[in-house]
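Trainee: I would like to go through this structure and ask what stands behind each label.
Mentor: Go ahead, and we will set each value against its cut-off.

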Amino acid sequence: MSAYSVYLSLPPYLAQWYAYECRAHEFAEEDICPNSPYKELDPVSPIRGSQESRIMEQFLRKQPSPVPEPIPEDANLAIAIPYFRDRDPRTYNYLPKHAKCMLAYTIAERFKRELWDELHPFLSYVRKKERIDELIYCFMENHAIEITDTNWNAISKIYSRCRDVYKSTKSRKKRSDLRSKK
């Protein structure tokens, strides 16, 4: 792991989820995987070949000034800058503002996709609100996300938005199929 990091300000659940995903990948071939809570600003290594890693490889630049930017006060995720073939982190350790936004957006989209992929198979079985609650708690527990009301509400809202999009898309498709049969 490099001594240089990129600092992002993400919602707590997202920072904890991403840190756990990186840690789980790091321990993939071992018998254990620590499930301890993520300590803020403890650097995590991005998954090699992931979209996040590619964004960093493409957009890392040399520092624009002799004095590096201070760590943002609201930063809660530190991503260690990996060594790339043509980008040594000792030289290329600055990620511009828009590249950081793109990195945060990519992490958020990957989270939504994984949340949907894990919870969607249970959609037909889960009709009561209580069951959805338990399903989201299971997801949080499985991905080392701290179980707080704030985190739960945010994840629940994301899941319900995904479910609404899915239902409206399914409904639209059904209507178009009916029209094409006429």
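**Labels and their reasons**

Trainee: Why is R90 called exposed?
Mentor: R90 has a relative accessible area of 57%, and exposed means over 50%, so R90 counts as exposed. Keep in mind that this is a predicted model.

Trainee: What makes D88 partly exposed?
Mentor: The relative accessible area of D88 is 22%. Buried would need under 20% and exposed over 50%, so D88 falls in between and is partly exposed.

Trainee: How do you know that D88 forms a salt bridge with R90?
Mentor: The closest N and O atoms of D88 and R90 are 2.5 Å apart. The cut-off is 4 Å, so the pair qualifies as a salt bridge.

Trainee: How many salt bridges does the structure hold?
Mentor: Three. One of them joins the side chains of R110 and E52, at 2.9 Å from N to O. R110 lies in helix α3 and E52 in helix α2, so this pair ties together parts that are 58 residues apart in sequence.

Trainee: Are R110 and E52 buried or exposed?
Mentor: Both are buried.

Trainee: What makes K112 and E109 a salt bridge?
Mentor: Their side chains meet at 3.1 Å, N to O, and the limit is 4 Å, so the label applies. K112 and E109 both lie in helix α3, three residues apart, which is about one turn of the helix. K112 is partly exposed at 33% relative accessible area, and E109 counts as partly exposed at 26%.

Trainee: Why is the pair of Y13 and F111 called tilted?
Mentor: The ring centres of Y13 and F111 are 5.3 Å apart and the planes stand at 55 degrees. Pairing requires centres within 6.5 Å; under 30 degrees would be stacked and over 60 edge-to-face. An angle of 55 degrees meets neither condition, so the pair is tilted. It links distant parts of the chain, with Y13 in helix α1 (residues 12-26) and F111 in helix α3 (residues 97-119), 98 residues apart.

Trainee: Why do Y13 and F111 count as buried?
Mentor: Y13 has 10% relative accessibility and F111 has 1%. Buried means under 20%, so both values fit the label.

Trainee: What makes the pair of W17 and F111 edge-to-face?
Mentor: The planes of W17 and F111 stand at 80 degrees, with 5.3 Å centre to centre. Edge-to-face begins over 60 degrees, so the label follows. W17 sits in helix α1 and F111 in helix α3, 94 residues apart. W17 is buried, with a relative accessible area of 0%.

Trainee: Which residues do ring pairs link into a cluster?
Mentor: Y13, W17, F111 and F139. The structure holds six aromatic pairs.

Trainee: How do you know that the charged end of R87 sits over the ring of Y92?
Mentor: The charged end of R87 is 4.9 Å from the ring centre of Y92. The distance limit is 6 Å, so that value passes.

Trainee: Why is α1 described as mostly covered?
Mentor: Eleven of the 15 residues of α1 are buried, including Y13, W17, Y18 and R23. As for its span, α1 reaches 21 Å from its first C-alpha to its last, close to the 21 Å expected.

Trainee: Which residues touch the most other members of the largest nonpolar core?
Mentor: L77, I79, L103, I107 and F111, out of 40 residues in that core. The largest share of this core, eight residues, comes from α3. Setting aside residues up to four places away in sequence, I79 touches L103 and I107, among others.

Trainee: What makes the phi of L41 worth a remark?
Mentor: L41 has a positive phi of about 65 degrees although it is not a glycine. Most residues other than glycine have a negative phi. L41 is in the loop between α1 and α2, and is partly exposed at 33% relative accessible area.

Trainee: Where is A144 found, and what is its phi?
Mentor: A144 is in the loop between α4 and α5, with a positive phi near 55 degrees. At 13% relative accessibility, under the 20% cut-off, A144 counts as buried.

Notes: Residues numbered from 1 in each chain as written. Predicted model: local features only at pLDDT ≥ 70, side-chain atom pairs only at ≥ 80, totals over all residues. Heavy atoms only, no water. Helix = DSSP H or I, 4+ residues; strand = E, 2+ residues; numbered from the N terminus. Buried < 20%, exposed > 50% of the residue type's maximum accessible area, 1.4 Å probe, protein only. Lys NZ or Arg CZ within 6 Å of the ring centre and 35° of its normal. Expected span 1.5 Å × (residues − 1). Core = buried A, V, L, I, M, F, W, Y, C linked by side-chain atoms within 4.5 Å. Contact = heavy atoms within 4.5 Å.
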